[in-house]
Amino acid sequence: MMGFSSLFAAIFSPRPFDSLKLVLLGILVESGRRFFYWLVERFKYRPSINAYFNQGDPAYEWIVHFMTQEEAWKRSRDFNISAKSSQRTWGINMQSGSQVQGNAEYVPIYCTEPYLFRWKGYWFEIKKNRDSISAPRYPAVDFGGPPLTGTIHLSIFTLKVSILSDFVEEIRARYVESNKPRVVIRSGTESTRFGGPNSWSNIKAKYRRPLDTLVLGEGVVESLLADAQEFMDTVNWYVEAGIPHRRGYLLHGPPGTGKTSTIHALAGELGLEVYTLSLASGHMDDGGLQQATSRVPPNTILLIEDIDCAFPSREEEEDDIPSPFGISSPYMSPPGLGSRVTLSGLLNVIDGIGSEEGRIFFATTNHVDRLDPALIRPGRIDMKIEYTLATHAQSRAMFSRFFPESRFPNTDADKDPITPPVSELAKEFADSIPEKEFSIAELQGYLLGYKSTPAKAVANIRAWVQQECSNREAKKKREAEKAEKRKKAKEQATFDMHNRAGEAMAAGFGTVMQRSIGDQAIKSYPSPAPTSGSETPVLVSVPQTPEKGSPLMTSNDTDKRED
Ligand SMILES: Nc1ncnc2c1ncn2[C@@H]1O[C@H](COP(=O)(O)OP(=O)(O)OP(=O)(O)O)[C@@H](O)[C@H]1O
């Protein structure tokens, strides 16, 4: 009370100097307050550089890898546990602190608290968006790792932007270094269907496969490696010549002949990551393909497997049931049953890859004859390599790879009673296998049953070949019967359709159909009333769109209609 009364007294003091002093004091206090807030704001925002790493982007992997090497994250109390050892995550060792292999991986759900650390004399603060940890966006899909919608927020307390780029370069270098013994393979996940940000979140790290473990024709691996290496080393030449720095390879041949293995081995040799999509999955459409490939970073290998799936197979074409009225019905035979990707969508993507620097594009197919010439023209595909079933030389090389002389100097008599040198056994093995009848994968499968008994492998190979040949004969017969049945059903369907149409016409209910191209409506004009009695006129028309539930309706159509 006293305070207020003296304040009033001072304000209304007859001495103006006292009032002025008070006003000045007020201004001073207010200015001080504002200056203080200004300082706080400056300290809070200006001296720090902020960066965000979004899950699904390779840079996110770099920072997670970096942070799992940092002590603080090992003090985490929350973990995602994964038993999928082939899945790429960044687990920590609960016992000793170094990165581990074990029965499960423990990946800290870090940064529920901001974590402060020093790097090269600068202070960094890192934290992760908590909501995204507890609420994965696609819970129904098995992503095989921690929830996927994370963002890591990094603050560096400096004004030098170059520190951020130095840091990013360092975490990338650490990531690449730690991956050296492995090749990282990212495959398109379900969300590829939507081209979502997590399209490439399915990550596997395989141990690098030395190129010399591939059993291929003479000089194939060497020329492929030389070509890819030259491509990687001549970026300036491409820029000066005005040619997009990209290179396309097509590997074609029967299943199990080593196409995918070659690409993985090459990626390991060149130190590149592989981004792989399979068109056979049927989930992919043009939009998804376009978006997923646009998220592939430069200096990587993009692999599209089973590229022929963007084209209808022979069987599908043959199964087309002709319409009696010569109207081609898209509902009768869905083209490209295995994939919703179209040729033009595929070409757009391949041409689009050209705008990315340093991109190596690989495509594989078991049916090169189905590919459109536009797809494999130079500029899109620069090198084609044919893979064949095992030749005599390959069978022999395969045997020698399984039983190297270093491990089998002269076959172990305890394990295997027959003891000729393995080089002789290899020849005998290859002589027993008909040329270009079996894939290397099949031979590998056979030899796996005789890991330490080469002589037994040779002794039993003829019986195995015979057995396999008779199995194939039986399978061929079954398929021929199926094809015959399909053919008969198709003929019957055609016959029935013509018959029904003919009967209806002949019955005098002639339906005149006018097809309006614009709105596709079908108008029908009833013919003069039937001469005989009480029958109701039957309207015969071919619907443009089959009724829902009709046998002519395919699942594709259902999707389209519901859309
Ligand atoms: N030429 C080869 N050299 C070494 N191993 C091979 C070879 N071909 C196949 N294999 C082995 O067979 C298995 C399947 O090979 P891979 O997946 O590379 O065949 P593919 O031709 O890509 O088959 P698909 O066309 O079905 O994808 C692998 O384990 C691989 O080690």
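Me: Two strands pair if DSSP finds at least two bridges between them. With that in mind, in which sense do strand 7 and strand 10 pair, and over how many bridges?

Reply: Please remember as we go that this is a predicted model. Strand 7 (residues 182-187) pairs with strand 10 in the parallel sense, and three bridges hold that pairing; as one example of residues facing each other, Ser187 stands opposite Thr276 in strand 10.

Me: Which strand do five bridges join to strand 10?

Reply: That is strand 11 (residues 301-305), which runs parallel to strand 10, and here you can find Val274 standing opposite Ile301 in strand 11.

Me: Is strand 10 buried or exposed?

Reply: A residue is called buried if 20 or more other C-beta atoms lie within 10 Å of its own. In strand 10 (residues 274-278), five of the five residues are buried, so the strand is mostly covered. Val274, Thr276 and Ser278 point one way, whereas Tyr275 and Leu277 point the other way, and all of them are buried.

Me: What is the order of the strands in the open sheet of four, and why is one side of strand 1 left without a neighbour?

Reply: The order is 1-6-5-4, with antiparallel pairing. Strand 1 (49-54) and strand 4 (115-119) stand at the edges, where each has a single partner strand, and therefore one side of each has no neighbour in the sheet. On average, and ignoring direction, neighbouring strands of this sheet are turned by 25 degrees against each other. Within the sheet, strand 4 and strand 5 (residues 122-128) are paired in the antiparallel sense over five bridges, and Glu125 in strand 5 is the bridge partner of Leu116.

Me: Which helices should I look for beside these strands?

Reply: Helix 3 (residues 58-68) lies across strand 1, strand 5 and strand 6 (151-156), and it runs at about 105 degrees to strand 1. Helix 5 (residues 161-179) packs on the sheet and touches strand 1, strand 4, strand 5 and strand 6, with a direction that makes about 30 degrees with that of strand 1.

Me: How many residues surround the ligand, and which are the closest?

Reply: The ligand is surrounded by 15 residues, of which the closest are Pro255, Gly258, Thr260, Ser261 and Ala441. Helix 8 (259-270) and helix 14 (440-447) are the elements that give two or more residues to this shell. Sorted by class, the shell has seven nonpolar, seven polar and one charged residues, and at least three residues come from each of domain 3 (190-385) and domain 4 (392-472).

Methods:
Residues are numbered from 1 along each chain as its sequence is written. This is a predicted model: local features need pLDDT of at least 70, side-chain atom pairs count only at pLDDT 80 or more; totals for chains, interfaces and linings use all residues. A residue is near a molecule or strand if its C-beta atom, placed from the backbone, lies within 6 Å of it. Ala, Val, Leu, Ile, Met, Phe, Trp, Tyr, Cys and Pro count as nonpolar, Asp, Glu, Lys and Arg as charged, and the others, Gly among them, as polar. Domain bounds come from an automatic or database domain assignment. Axes are lines fitted to C-alpha atoms, for helices over the stretch in contact, and angles run from 0 to 180 degrees between N-to-C directions. Two residues are in contact if their C-beta atoms, placed from the backbone, lie within 7 Å. A residue is buried if 20 or more other C-beta atoms lie within 10 Å of its own, exposed if 12 or fewer, and partly exposed in between; C-beta atoms are placed from the backbone.
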